[in-house]
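Hello,

Here is the structure we talked about. My notes follow below it.

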Amino acid sequence: MPRGAAPFVYLYVTDRAAAHAFYRHTLELVFDREDDEGLQFLSGDVALRVVPTADHVSSPHPVFGWVVEDLVAHVRALAAAGVTFEVYDDLAQDADGIWRGPDGRTQKVWFRDPAGNVLMLTQES
């Protein structure tokens, strides 16, 4: 890849308006622009293209995530904004939905956008 090339990611959704509200107001990402293809948000140095498509089927695996410094604070703020966190039967998660890795340093939490895309927050202590 060209050195210094700006990264971007595509996320597919079924409902443009619901995605706009979620990414802009719930997650508070910076809204960059809207065009015929979809919406664009900025998250750090990454452009997040949110593209409506009628036949979107979400993956059961995370498609985008963020590394944060205070996972508990972010989880509680998102929960207060109405975000529900995924609970997986095969993972030991706490009451906030946070999974802590066996190394004692890694913490992760998963949630879905309105189209069912799995998003993730992680913290390394």
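Leu11 stands opposite Val50 in S4. Strands here are DSSP runs of E, at least two residues long, and helices are runs of H or I, at least four residues long, both numbered from the N terminus. S1 and S4 run parallel and are joined by six bridges. Two strands count as paired if DSSP finds at least two bridges between them.

The model is predicted: local features need pLDDT of at least 70, side-chain atom pairs count only at pLDDT 80 or more, and totals for chains, interfaces and linings use all residues. Residues are numbered from 1 along each chain as its sequence is written, and side-chain values use heavy atoms, with hydrogens and water left out.

**First sheet**

Val50 also has a partner in S3: Leu39 stands opposite Val50. S3 (residues 39–43) and S4 (residues 46–52) pair in the antiparallel sense, over five bridges. The whole sheet is open, with four strands in the order S1-S4-S3-S2 and mixed pairing. S1 (8–13) and S2 (30–34) each have a single partner strand, so one side of each is left without a neighbour in the sheet. Neighbouring strands are turned by 25° against each other on average, direction ignored. Axes for such angles are lines fitted to C-alpha atoms, for helices over the stretch in contact; angles run from 0 to 180 degrees between N-to-C directions.

S1 has two faces. Val9, Leu11 and Val13 are on the covered one. Phe8, Tyr10 and Tyr12 are on the uncovered one. Helix H1 (residues 16–26) lies across S1, S2, S3 and S4. H1 runs at about 15° to S3.

**Second sheet**

This one is also an open sheet of four strands with mixed pairing, in the order S5-S8-S7-S6. Its edge strands are S5 and S6 (99–100), and each pairs on one side only. S5 and S8 (residues 118–124) pair in the parallel sense over five bridges. Phe64 has Leu119 in S8 as its bridge partner.

**Two residues of H2**

Is Val75 buried or exposed? Val75 lies in helix H2 and has 1% relative accessibility, so it counts as buried (under 20%; exposed is over 50%, partly exposed in between; 1.4 Å probe, protein chains only). Leaving aside neighbours within four places in sequence, Val75 is in contact (heavy atoms within 4.5 Å) with Phe85, Asp96, Ile98 and Val109. Val75 and Phe41 are 34 residues apart in sequence and 21 Å apart in space, C-alpha to C-alpha.

Ala79 is in H2 too. Ala79 has 41% relative accessibility and counts as partly exposed. The C-alpha atoms of Ala79 and Gly38 are separated by 27 Å, with their positions 41 residues apart along the chain.

**Largest pocket**

The largest pocket holds about 290 Å³ of space. A pocket is an open set of points on a 1 Å grid over the protein atoms alone, where a 1.4 Å probe fits, with protein on both sides within 12 Å along at least five of seven lines; lining residues have an atom within 4 Å of a point. There are 15 lining residues, and the closest to the centre are Thr26, Leu27, Glu28, His74 and Leu78. H1, S5 (62–67) and H2 (71–80) each give two or more residues to the lining. H2 gives the most, with three. By type, the lining has ten nonpolar residues, four polar and one charged.

Best wishes

Methods:
Grid points are joined across faces, edges and corners, and a volume is the space filled by probe spheres set on the points. Ala, Val, Leu, Ile, Met, Phe, Trp, Tyr, Cys and Pro count as nonpolar, Asp, Glu, Lys and Arg as charged, and the others, Gly among them, as polar.
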